[in-house]
Amino acid sequence: MNEFPPEFDPARLIQTMSKNGHNKLIGTRYHGHGEGWCELALPYSETLVTDTATGILASGPIFTLMDMATSLSIWLKTGTFQPQATLDLRIDYLRPARPGNTVIGHGECYHVTKSIAFIRGHAHDGDPEKPIAHVAGTYFFTASA
Amino acid sequence: MKTSFSPYAQTMGFEEQRGTDGRLVIAMPYSDGVRGRPGFVHGGALAGLLETVAYATLSEALGEDDRPLIKPVNVTATYMRGAVEMTTYARATIERLGKRIANIEAIAWQDDINKPVAMAQINVMLDRSRG
């Protein structure tokens, strides 16, 4: 429905974002998108492990993955690149990601007002029917205040 | 007690410090690796810092002889101010430490502890079933 100008290609935007800053450090990649949703991938890395004995990924990178996927979903919902900031984000860790598996984060923006975007999402490590985490949260448009 | 940092904490560049009151404080120096939108720390990096200080504070409270697996149940992070290009500090308060569940609150700040940049409510499960 929403038409993005060519320079606003979400896949390219995400690929660019993944080359910089915190996303580069943890290694988030583009995985897919559609109207109002975005998927990112977090390949397994030993540098992101919480406990070397178990090899389980720390929860922090999964939080970042979901923060990124849900914030990008807002631009895909509105079709405009409005500056925004996270107001709050809640994550429920259903179970740990299996060591070695890439984690896929699905973010969805399900409602926007003039000032606030409402998001939800989930993450899985291979089987979308068996999520490892769920998130819910809000963002505010910093230019609308 | 020295907290042994995880590979993730090392990747993030976290540093263990002590407040003047002796409380555990974890510092996250600013680097390109924690940057989100230009000029600001990424919200995910702040959440990771808040979680790390919460688990480390809990581990300290449990002591050397009690080492359950700390399993995160959920984290609710609230962002109050943009965290700019400087070191961010965090500390945690254990609101309740039960046999199976602990409730922890963590705050992060930069130049003034009375102006937090983010806070988190963190619930964890303590699993003593191993071993």
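A residue counts as buried here if 20 or more other C-beta atoms lie within 10 Å of its own, as exposed if 12 or fewer do, and as partly exposed in between, with the C-beta atoms placed from the backbone. By that yardstick 19 of the 20 residues of H3(A) are buried, so this helix is largely enclosed by the rest of the structure. This is a predicted model, in which local features need pLDDT of at least 70, side-chain atom pairs count only at pLDDT 80 or more, and totals for chains, interfaces and linings use all residues. Residues are numbered from 1 along each chain as its sequence is written, while chains are lettered from A and ligands numbered from 1 in the order in which they are written.

**Confidence**

- The model comes with ipTM 0.91 and pTM 0.93.
- Chain B averages a pLDDT of 93, and 95% of its residues score at least 70; pLDDT is the predictor's confidence in each residue, from 0 to 100.

**Helix H3 of chain A**

- Helices (H or I, at least four residues) and strands (E, at least two) are DSSP runs, numbered from the N terminus.
- The 20 residues of H3(A) should span 28 Å at 1.5 Å a residue, and the end C-alpha atoms are 29 Å apart, which agrees; the expected span is 1.5 Å times one less than the number of residues.
- Right after H3(A) sits A:Gly79, with a positive phi near 75 degrees.
- A:Pro61 lies in this helix and is buried, with 29 other C-beta atoms within 10 Å.
- Leaving aside neighbours within four places in sequence, A:Pro61 is in contact with A:Ile26, A:Leu42, A:Leu48 and, across in the other chain, B:Tyr8; contact calls for C-beta atoms, placed from the backbone, within 7 Å.
- A:Tyr93 is 32 residues from A:Pro61 along the chain, and their C-alpha atoms are separated by 12 Å.

**The hairpin in chain A**

- Strands E1 (residues 29–34) and E2 (residues 37–42) of chain A run antiparallel and are joined by five bridges; two strands pair if DSSP finds at least two bridges between them.
- A:Tyr30 stands opposite A:Leu40 in E2(A).
- Two residues sit between the strands of this hairpin, where A:Gly36 takes a positive phi near 80 degrees.

**Where the chains meet**

- Chain A puts 27 residues in contact with 26 residues of chain B.
- On the chain A side, the elements giving two or more residues are helix H2 (21–26), strand E3 (49–51), helix H3 (59–78) and strand E5 (84–93).
- E5(A) gives the most to that side, with nine residues.
- That side divides into twelve nonpolar, nine polar and six charged residues; Ala, Val, Leu, Ile, Met, Phe, Trp, Tyr, Cys and Pro count as nonpolar, Asp, Glu, Lys and Arg as charged, and the others, Gly among them, as polar.
- E5(A) also pairs across the chains: five bridges join it to strand E3 (residues 69–79) of chain B, and the two run antiparallel.
- In that pairing, A:Asp92 stands opposite B:Asn74 in E3(B).

**Chain B overall**

- Chain B has two helices and six strands, running α-β-β-α-β-β-β-β from the N terminus on.
- A compact globule of 131 residues would have a radius of gyration near 14 Å, and chain B has 14 Å, which agrees; the radius is taken over C-alpha atoms, and the globule rule is 2.2 Å times the number of residues to the power 0.38.
- The C-alpha trace of chain B spans about 45 × 30 × 25 Å along its principal axes.
- Buried residues make up 38% of the 131 residues in chain B.
- Of the contacts in chain B with a separation of 6 or more, 59% are between residues 24 or more positions apart.

Methods
Contact = placed C-beta atoms within 7 Å.
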